[in-house]
Amino acid sequence: MIEVTCAIIIKDEKVLVTQRSERMTHPLQWEFPGGKLKPGESPERCIIREIREELHARISVEQVLPSVVHDYGSFTVKLIPFICVMDSDEIILQQHGAYKWIQKNELAGFRLLEADRKLVKSINGYLH
């Protein structure tokens, strides 16, 4: 099982989603940004590092949410989500093809990766 963190970054009543590039697995699908834990790394340190590396942005973690497990067939992920806020205004994409700030109520109908879609159902109560 691959342990992966993701950031649910909320700003001005909107949530940040990123589109995977054509070179990534699951190309052009949308997700909450994040990435794989390194050996010995805590999930919180991982999400802060991943957002800095992938979006060239700084975040603060507000809350860890219950994990979601999803089997993609050839691999299984344990997705560890964090509610976060941006500490910087600028986003510079390093790996993803695009990003969008979308209304929270749009998440359920958005074309997210399967694990992220499962997460949307569990986080609605946490999104104010």
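Which residues have the most contacts inside the largest nonpolar core? Hi everyone, let's start right there. Keep in mind that what you have in front of you is a predicted model. Its largest nonpolar core has 22 residues, and those with the most contacts inside it are Ile8, Val17, Phe32, Leu107, Leu112 and Leu119. Four elements each give two or more residues to this core: strands E1, E2 and E7, the last at residues 76-86, and helix H2, at residues 114-123. The top contributor is H2, with 4 residues. There is also a second, separate core of 15 residues, and Leu16, Ile47, Phe82 and Met86 are included in it.

Now let's follow one of those elements, strand E2. Is it mostly buried or mostly open to the outside? E2 covers residues 14-19, and 5 of its 6 residues are buried, so the rest of the structure largely encloses this strand.

Who are its partners? Let's take them one at a time.

First up is strand E1, residues 2-11. E1 and E2 run antiparallel and are joined by 2 bridges. If you want to find the spot on your screen, look for Ile10, which stands opposite Val15 in E2.

Next is strand E8, at residues 98-103. E8 pairs with E2 over 6 bridges, again in the antiparallel sense. Try clicking on Lys14: its bridge partner in E8 is Gln103.

Then comes strand E3, which is residues 30-31. This one also pairs with E2 in the antiparallel sense, over 2 bridges. Here Gln19 stands opposite Trp30 in E3.

Let's finish at the turn, going back to E1 and E2. Their hairpin has 2 residues between the strands. Which residue in this hairpin takes a positive phi near 50°? That would be Asp12, and Asp12 does this although it is not a glycine. You'll find Asp12 in the loop between E1 and E2. Is Asp12 buried or exposed? Its relative accessibility is 66%, and exposed means over 50%, so Asp12 counts as exposed.

Glu13 belongs to this story too. Glu13 lies in the loop between E1 and E2, and Glu13 has a positive phi as well, of about 65°, although it is not a glycine either.

So, to recap the tour: we saw a core of 22 residues to which H2 gives the most, a strand E2 that is largely enclosed, and a hairpin loop where Asp12 is exposed. Thanks for listening, and have fun turning the model around!

Definitions and conventions. Residues numbered from 1 in each chain as written. Predicted model: local features only at pLDDT ≥ 70, side-chain atom pairs only at ≥ 80, totals over all residues. Heavy atoms only, no water. Buried < 20%, exposed > 50% of the residue type's maximum accessible area, 1.4 Å probe, protein only. Pairing = 2+ DSSP bridges. Core = buried A, V, L, I, M, F, W, Y, C linked by side-chain atoms within 4.5 Å.
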